[in-house]
Amino acid sequence: MTYFPMYLNIENRPCLVVGGHHTAYQKIKTLLDFGADIRVVSSHISEEVMDLLIANKMSFEERNVREEDVQGMILVVNAAADPEADRMIYQACVERGIAVNTVDNEKYSTFIFPAIYRDGDIIASVSSCGASPSAAAWVRDRIREMVPPYFGEIVKQQRSLRKKLKKEEPDAAKRHRVMKSSFKLAVEKGRPLSEKEISDLSSVD
C-alpha cells in the first residue's frame with residue numbers, strides 16, 4: 001500500500017488515543033509535540049501514561065472504548081491491541097470520515113506514523129509505507145546527522161524576515177532575492193544573521 005505524504009495542522013484540535021500502555025505513551029508524546037488537544041480512553045492506564053496525562057492536564061476516561069468516542073475527532077490513534085476494538089474503531093472512523101491509525105495493523109489504518117526529525121520549523125518525516133519501521137528510523141537518523149545543529153535557528157529567523165519583507169517590501173522579486181541571499185549567507189556563516197547583515201542585504205537593489 002502507498003501513502004500520500006502530507007502535513008496536517010492538529011494544534012488545539014481534538015485527537016483521540018485509545019490505549020494506556022507504553023505504545024500509547026509514545027503516540028501521545030508525538031501528538032503533544034504538535035499541540036494536539038488529546039483525549040485518552042483505555043480500560044487500563046499505566047503509571048507512565050497517567051503521569052503524562054496529569055502533567056499535561058489531558059482529558060481521559062479509564063473504561064472500554066465505545067464507538068461514539070471517535071465523534072468530533074480530527075484523528076484517532078488506536079493502541080488498544082484488541083482485535084474486536086480495532087475493528088469497531090476502524091469502522092466507526094471510516095463511516096465518519098475520520099483518519100485512524102491502528103498501531104501495527106495496516107488493515108485497520110487510513111494513515112501511518114512516520115519516523116520524524118524535527119528542529120523547530122524544520123520537520124522531516126520518513127516512511128517505509130509500513131514495510132520496515134527500522135528502515136524509516138535509519139533514514140531519519142541520517143537526516144539528523146546531516147542537518148547542522150544551528151539550522152533550526154536560521155529557519156526561525158527566516159520566518160521572521162519573510163513576515164517583515166511581506167509587510168515592508170512591495171517588490172516580490174526583491175523579497176525573493178533577499179530571502180535567498182540571506183539564507184545562503186546564514187548557512188555559510190553557520191549561524192543566524194545579525195540585524196546589520198540583514199539590513200545590508202535588504203539595501204541592495
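These legends describe close-up views of a predicted model.

**View 1. Five strands make an open sheet.** The strand order is β3-β2-β1-β4-β5. Pairing throughout is parallel. The edges are β3, residues 59–62, and β5, residues 99–102. Each of these edge strands pairs on one side only. On average, neighbouring strands are turned by 15° against each other, direction ignored.

**View 2. Strand β2 pairs with the edge strand β3.** β2 covers residues 37–42. Its pairing with β3 is parallel and runs over 4 bridges. One residue pair to pick out is R39 and S59. S59, in β3, is the bridge partner of R39.

**View 3. Helix α3 lies across three strands of the sheet.** The helix spans residues 83–96. The strands it lies across are β1 (14–18), β4 (75–78) and β5. Against β4, α3 runs at about 170°. In the sheet order, β4 sits between β1 and β5.

**View 4. Q157 of helix α5 meets residues from further along the chain.** Helix α5 takes in residues 151–168. Leaving out residues up to four places away in sequence, Q157 touches P192, L193 and I198. L193 also offers its backbone oxygen. That oxygen lies 2.6 Å from a polar atom of the Q157 side chain.

**View 5. The largest pocket holds about 1,000 Å³ of space.** Its lining counts 30 residues. Closest to the centre are M6, Y7, L8, P114 and S125. Three elements give two or more residues each to this lining: α1 (22–33), β6 (115–119) and β7 (122–126). β7 gives the most, with 3 residues. By class, the lining splits into 19 nonpolar, 7 polar and 4 charged residues.

**View 6. The second largest pocket has a volume of about 640 Å³.** Here 26 residues form the lining. Nearest the centre lie K27, D104, F113, P114 and P133. At least two lining residues come from each of α1, β5, β6 and α4, the last spanning 133–146. The classes are 11 nonpolar, 11 polar and 4 charged.

**View 7. P114 belongs to the lining of both pockets.** In the largest pocket, P114 is listed among the residues closest to the centre, together with M6, Y7, L8 and S125. In the second largest pocket, P114 again lies among the residues nearest the centre, with K27, D104, F113 and P133. Helix α1 and strand β6 also serve both linings. Strand β5, an edge of the sheet, supplies at least two residues to the lining of the second largest pocket.

Methods. Residues are numbered from 1 along each chain as its sequence is written. This is a predicted model: local features need pLDDT of at least 70, side-chain atom pairs count only at pLDDT 80 or more; totals for chains, interfaces and linings use all residues. Side-chain values use heavy atoms; hydrogens and water are left out. A polar contact is a pair of N or O atoms within 3.5 Å; within protein, one must be able to donate a hydrogen and the other to accept it, and residues adjacent in sequence count only if both atoms are side-chain atoms. Contact means heavy atoms within 4.5 Å. Two strands pair if DSSP finds at least two bridges between them. Axes are lines fitted to C-alpha atoms, for helices over the stretch in contact, and angles run from 0 to 180 degrees between N-to-C directions. On a 1 Å grid over the protein atoms alone, a cavity is a set of points where a 1.4 Å probe fits but cannot get out, and a pocket is an open set with protein on both sides within 12 Å along at least five of seven lines; lining residues have an atom within 4 Å of a point. Grid points are joined across faces, edges and corners, and a volume is the space filled by probe spheres set on the points. Ala, Val, Leu, Ile, Met, Phe, Trp, Tyr, Cys and Pro count as nonpolar, Asp, Glu, Lys and Arg as charged, and the others, Gly among them, as polar.
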